[in-house]
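Here are some exercises for you to work through with the structure open beside you. Try each task on your own, then follow the solution step by step.

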Amino acid sequence: MKRVLFTQEVRKYFKSLIPILHKLGYFGFLESSRKYVKELVDEITTNLPIRQHKPAPEYFDKYEKNMFYATFKKNKRTTWYAFFTKYNENDDTVYLVHFIANNHTIAQHL
């Protein structure tokens, strides 16, 4: 079995992202921001184990060492990057997401 988990920091980030997206005018309604973030979380949770991934550049070692990253394209302009470690626990493969950002904030580091 494969499980995707998020660190507390990532969960806090998702929660803070909802009002930020609304306040910056990306969504006219808070509920639309909420839906966008929920869909992003669901997509990562469902698809991370089957997504092609690459080793994360050293720049991201400040969040966790030896991470990988996978991409999630939400629209023409925005791609999200989930940075994670992978380990085995009993018979499960666990994907632990340590950091998430989009191309608008981290593209220069990839």
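**Exercise 1: A turn between two strands**

Task: Find how many residues lie between the strands in the hairpin of strand 4 and strand 5, and look at the phi of Asn90.

Solution: Keep in mind that you are looking at a predicted model. Start at the turn: two residues separate the strands of this hairpin. Within the hairpin, Asn90 takes a positive phi near 60°. Now move along the strands themselves. Strand 4 and strand 5 run antiparallel, and 10 bridges join them. You can check the pairing residue by residue: Ala82 stands opposite Ile100 in strand 5, and Trp80 faces Asn102 of that strand.

**Exercise 2: Building the whole sheet**

Task: Work out in which order the five strands form the sheet, and which strands are at its edges.

Solution: Begin with a second hairpin, made by strand 3 and strand 4, with five residues between them. These two strands pair in the antiparallel sense over six bridges, and Phe68 stands opposite Phe84 in strand 4. Next, go to strand 1, which pairs with strand 5 in the parallel sense over five bridges. There, Arg3 has Val94 of strand 5 as its bridge partner. Put the pieces together and you get an open sheet of five strands in the order 1-5-4-3-2, with mixed pairing. Strand 1 and strand 2 are the edge strands, each pairing on one side only.

**Exercise 3: A residue at the start of strand 5**

Task: Decide whether Asp92 is buried or exposed, and find its polar contact.

Solution: First, place the residue: Asp92 belongs to strand 5, which covers residues 92–102. Then use the cut-off: buried means under 20% relative accessible area. Asp92 has 18%, so it counts as buried. This fits its strand, where 11 of 11 residues are buried. Now look at the side chain of Asp92, which makes a polar contact with the side chain of Arg3 at 3.3 Å. Leaving aside neighbours within four places in sequence, Asp92 is in contact with Met1, Arg3 and Tyr87.

**Exercise 4: The two sides of a helix**

Task: Find which residues of helix 2 are buried and which, on the other side, are exposed.

Solution: Helix 2 spans residues 30–47, which makes 18 residues. From first C-alpha to last, helix 2 reaches 26 Å, close to the 26 Å expected at 1.5 Å a residue. Its buried residues are Ser33, Tyr36, Val37, Leu40, Glu43 and Ile44. They cover an arc of only 120° around the axis, and therefore sit on the same side of helix 2. Why can residues that are spread along a helix point the same way? An α-helix has 3.6 residues a turn, so residues three or four places apart point the same way. On the other side of helix 2 you will find Lys35, Lys38 and Thr46, which are exposed.

Now ask what the buried side meets. The buried residues of helix 2 pack against strand 1, helix 1, strand 3, strand 4 and strand 5. The helix lies across the four strands in that group and runs at about 140° to strand 1. Helix 1 lies across strand 1, strand 4 and strand 5, at about 45° to strand 5. For a close-up, take Ser33 in helix 2. Ser33 is buried because its relative accessibility is 0%. Leaving aside neighbours within four places in sequence, Ser33 is in contact with Ile18, Leu21, His22 and Phe27.

**Exercise 5: A residue in a loop**

Task: Locate Tyr63 and find which residues it touches beyond those up to four places away in sequence.

Solution: Tyr63 sits in the loop between strand 2 (54–55) and strand 3 (68–73). With a relative accessible area of 34%, Tyr63 is partly exposed. Not counting residues up to four places away in sequence, Tyr63 touches His98 and Phe99. Finally, compare Tyr63 with Phe83: they are 20 residues apart in sequence, and their C-alpha atoms are 8.9 Å apart in space.

How values were computed: Residues numbered from 1 in each chain as written. Predicted model: local features only at pLDDT ≥ 70, side-chain atom pairs only at ≥ 80, totals over all residues. Heavy atoms only, no water. Buried < 20%, exposed > 50% of the residue type's maximum accessible area, 1.4 Å probe, protein only. Contact = heavy atoms within 4.5 Å. Polar contact = N/O pair within 3.5 Å; in protein donor to acceptor, adjacent residues only side chain to side chain. Expected span 1.5 Å × (residues − 1). Arc of directions from axis to C-beta. Pairing = 2+ DSSP bridges. Axes fitted to C-alpha atoms, helices over the stretch in contact; angles between N-to-C directions.
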